[in-house]
Amino acid sequence: MAYPISKTLSQVVPRPDYNVREGLIVVPKFPASDPRHGKTSPAGVAGVYHVTFVLAVPGKNVFREHVEMGKTHLDGDSLLLFPDKVETFEVRFDAGGSTIGDITLGHNSNRRLSTATMRIHANSLTEAEKASYDMAAGFLSYLSYSSDVAIEITGYEVVEASTGTRKAVFGMLGKMKKFTIGDNQESLVSDDKYRRLFAAYREGMNATNVFYQALSFSKAIEGCNKLRDHKNAQAKNSGEQPFRPSLEMPSELSEIPVEDNLIRDFFTPFLGHKFSFIVDHFRPLVRNAIAHLDPTQEVLDIDRFEDLHACEQAVPILRYIARTLIRFEVDHP
């Protein structure tokens, strides 16, 4: 594919705080005698791009510990078997009577669908990512329906044909954490009110799909708010003063307990804002755009690059709010 990697270079990158998709870009530098000298950029240039989507069995190999660029296609897998004597499938996309893209489906050594590759013209690397993802993911969703089987994209690799600039985006395993049980929490595990909050949080942590992560953490937030309303109603009936906390996001990025700088930057627009304001901000995304589906209206779905990106930016913030609210309810019974 385009310019192959001539030698192996290793780079150790700290594991993310949680299981998450991460992107890595490799930009080659050429000597002055090479016609490609000075023409490489992390943003990419107008031209041809080769994109390989690597598939996975949901729940089995969606996240990984390392990425080997140029060989990511060897890791692909799925639950969909290729017919005998068929090596590839060619899928063509037409619009207005002309071809706008095509996908080549390949299989692994076990003859299971493993990759979807595309050759696409784009003005930048990001444009190539977006256009190819929208087409490939849409087709894979149809294939999931037509074959009645689960199909997951574990990641993809984009190569700029003219220079060999590469970007790999894959689900990466989060870091190891110390075994921790907070003060007095051992007495709460049998309390159904808190167990349900913990369960919603664990659902979000375990989910491999960012849309379901957003839903799960939002469910935990809603559960905390309902529980607080219930506690206040009981207090009022007992003649006590209801307690309505006004929790807010820290005012400085350095106070956000996330080590990944890119993820921490997602918090910037919400620094110092009340949790209620932030939850209201994300409510249309979570409730109207994700939890409900009206095909006649504008909705979010996992087949669109921009929608996926919107959820990836929302999840760390919703996770932080959910965790903080659960901690508050546990500490203020």
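**A helix, its crossing partner and a sheet**

Let's start where two helices touch: E129, K130, Y133 and D134 in α1 meet F305, E306 and L308 in α6. Sort the residues of this contact by character and you get 3 nonpolar, no polar and 4 charged. Keep in mind as you look around that this is a predicted model.

How do the axes of α1 and α6 cross? Helix α1 covers residues 125–147 and helix α6 covers residues 305–331; their axes come within 8 Å and cross at roughly 105°. Angles from 65 to 115 degrees count as roughly perpendicular, and α1 and α6 are therefore roughly perpendicular to each other.

Now turn to the sheet. It is an open one, built from 7 strands with antiparallel pairing, and reading across it gives the order β1-β7-β6-β2-β5-β4-β3. At the edges stand β1 (20–26) and β3 (89–95); each has a single partner strand, so one side of each is left without a neighbour in the sheet. Going from one strand to the next, the twist averages 20°.

Zoom in on one pair of strands. β4 (residues 98–107) and β5 (residues 113–122) are joined in the antiparallel sense over 5 bridges. If you'd like one of the partnerships to find on screen, look for G106, whose bridge partner in β5 is T115.

Finally, back to the helix we began with. Which strands does α1 touch as it packs on the sheet? The strands are β2 (47–56), β3, β4, β5, β6 (152–160) and β7 (166–172). Against the direction of β5, that of α1 makes an angle of about 140°. So α1 has contacts with α6 as well as with the sheet.

Terms used: Residues are numbered from 1 along each chain as its sequence is written. This is a predicted model: local features need pLDDT of at least 70, side-chain atom pairs count only at pLDDT 80 or more; totals for chains, interfaces and linings use all residues. Side-chain values use heavy atoms; hydrogens and water are left out. Axes are lines fitted to C-alpha atoms, for helices over the stretch in contact, and angles run from 0 to 180 degrees between N-to-C directions. Helices (H or I, at least four residues) and strands (E, at least two) are DSSP runs, numbered from the N terminus. Angles under 35 degrees count as roughly parallel, over 145 as roughly antiparallel, 65 to 115 as roughly perpendicular and the rest as oblique. Contact means heavy atoms within 4.5 Å. Ala, Val, Leu, Ile, Met, Phe, Trp, Tyr, Cys and Pro count as nonpolar, Asp, Glu, Lys and Arg as charged, and the others, Gly among them, as polar. Two strands pair if DSSP finds at least two bridges between them.
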